[in-house]
Amino acid sequence: MDKKFYLVREDVLPEAMKKVLAAKELIERKKVDSVADAVQLVDVSRSVFYKYRDAVFPFHTMVREKIITLFFHLEDRSGTLSKLLSVVAAANCNVLTIHQTIPLQGRANVTLSMSTSEMTMTIDELISQLKQLPFVEKVEILGSGA
């Protein structure tokens with residue numbers, strides 16, 4: 001399922017999402033030692049925090065940082081990482097980090113962080129192109145920002 005992004009005014013966000021944003025900010029600014037401390041301070045459950053943490057972002061973070069982290073579940077075939085990176089490069093993204101697990105049972109996980117400040121397409125278009133690669137089983141946005 002392709003994910004779309006929307007810009008929504010804060011006053012129409014559900015209270016739970018506002019609290020998740022507040023908890024994320026506490027964690028990011030190192031005002032708390034753990035997720036448990038953050039959710040307790042903003043009065044939201046851990047399950048709600050984990051449900052929304054990768055789905056709701058402050059607008060300024062998305063616009064300013066222009067960094068995205070993607071998670072891939074790939075079939076282990078020769079040249080898959082090279083082909084994946086060529087699609088990313090064709091979109092004019094700058095790869096910052098790559099983490100690949102050792103392939104087990106013909107599958108490998110790859111986490112890719114990249115700068116999208118010079119990207120020539122939308123994030124949705126890039127993800128759609130990546131999902132069309134025959135060896136890509138799954139693509140998820142893990143987060144954005146630095």
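Start by selecting R29: it is exposed, with a relative accessible area of 54%. Bear in mind as you click around that this is a predicted model.

**Stop one: the partner of R29**

Keep R29 on screen and add E25. The two form a salt bridge, and their closest N and O atoms are 2.9 Å apart. How exposed is E25? E25 is partly exposed, with a relative accessible area of 40%. The cut-off for exposed is over 50%, so R29, at 54%, counts as exposed, while E25, at 40%, does not.

**Stop two: other charged pairs**

Seven salt bridges are counted here, so you have a few to visit. Select D11 and R9 next: this pair also makes a salt bridge, with 2.7 Å between the closest N and O atoms. Both D11 and R9 are exposed.

Then hop to R53 and D54. Their side chains meet in a salt bridge too, at 3.5 Å from N to O. Here D54 is partly exposed at 35% relative accessible area, and R53 is partly exposed at 33%.

**Stop three: zoom out**

Show the whole chain as a cartoon. You should find six helices and four strands. Follow them along the sequence and the pattern reads α-α-α-α-β-α-β-β-α-β. The C-alpha atoms fill a box of roughly 50 × 35 × 25 Å along the principal axes. Of the chain's 146 residues, 34% count as buried. Now take the contacts between residues at least 6 apart in sequence: 68% of them join residues at least 24 apart.

**Stop four: the largest nonpolar core**

In soluble globular proteins, nonpolar side chains tend to be buried together. To see a case of it, select L70, F72, L84, M114, L126, L130 and V136. Out of the 22 residues in the largest nonpolar core, these touch the most other members. Which elements give two or more residues to this core? They are β1 (67–75), α5 (80–90), β3 (107–115), α6 (123–131) and β4 (136–144), so give each its own colour. The largest share, four residues, comes from β1.

Now center on M114 and show what surrounds it. Setting aside neighbours within four places in sequence, M114 is in contact with ten residues you can pick out by name: K66, I67, I68, L70, V88, C93, N94, V95, L96 and L126. There is also a second, separate core of 14 residues, which includes V20, L21, V32 and F49.

**Stop five: two helices side by side**

Hide everything except α5 and α6. Their axes come within 10 Å and cross at roughly 155 degrees. Angles over 145 count as roughly antiparallel, so α5 and α6 are roughly antiparallel to each other. The crossing is right-handed. Where do they meet? Show side chains for L84, V87 and V88 in α5, which meet L126, Q129 and L130 in α6.

**Last stop: L85**

Stay in α5 and select L85, which lies in that helix. Is L85 buried or partly exposed? L85 is partly exposed, with a relative accessible area of 23%. Buried means under 20%, so L85, at 23%, misses that label. Bring the hidden parts back and look at what L85 touches: not counting residues up to four places away in sequence, that is V95, I98 and L112. To finish, draw a distance from the C-alpha atom of L85 to that of L130. The two residues are 45 apart along the chain, and these atoms are separated by 9.6 Å.

Notes. Residues numbered from 1 in each chain as written. Predicted model: local features only at pLDDT ≥ 70, side-chain atom pairs only at ≥ 80, totals over all residues. Heavy atoms only, no water. Salt bridge = Lys/Arg side-chain N within 4 Å of Asp/Glu carboxyl O. Buried < 20%, exposed > 50% of the residue type's maximum accessible area, 1.4 Å probe, protein only. Core = buried A, V, L, I, M, F, W, Y, C linked by side-chain atoms within 4.5 Å. Contact = heavy atoms within 4.5 Å. Axes fitted to C-alpha atoms, helices over the stretch in contact; angles between N-to-C directions. Parallel < 35°, antiparallel > 145°, perpendicular 65-115°, else oblique. Left-handed = near helix turned anticlockwise from the far one by under 90°.
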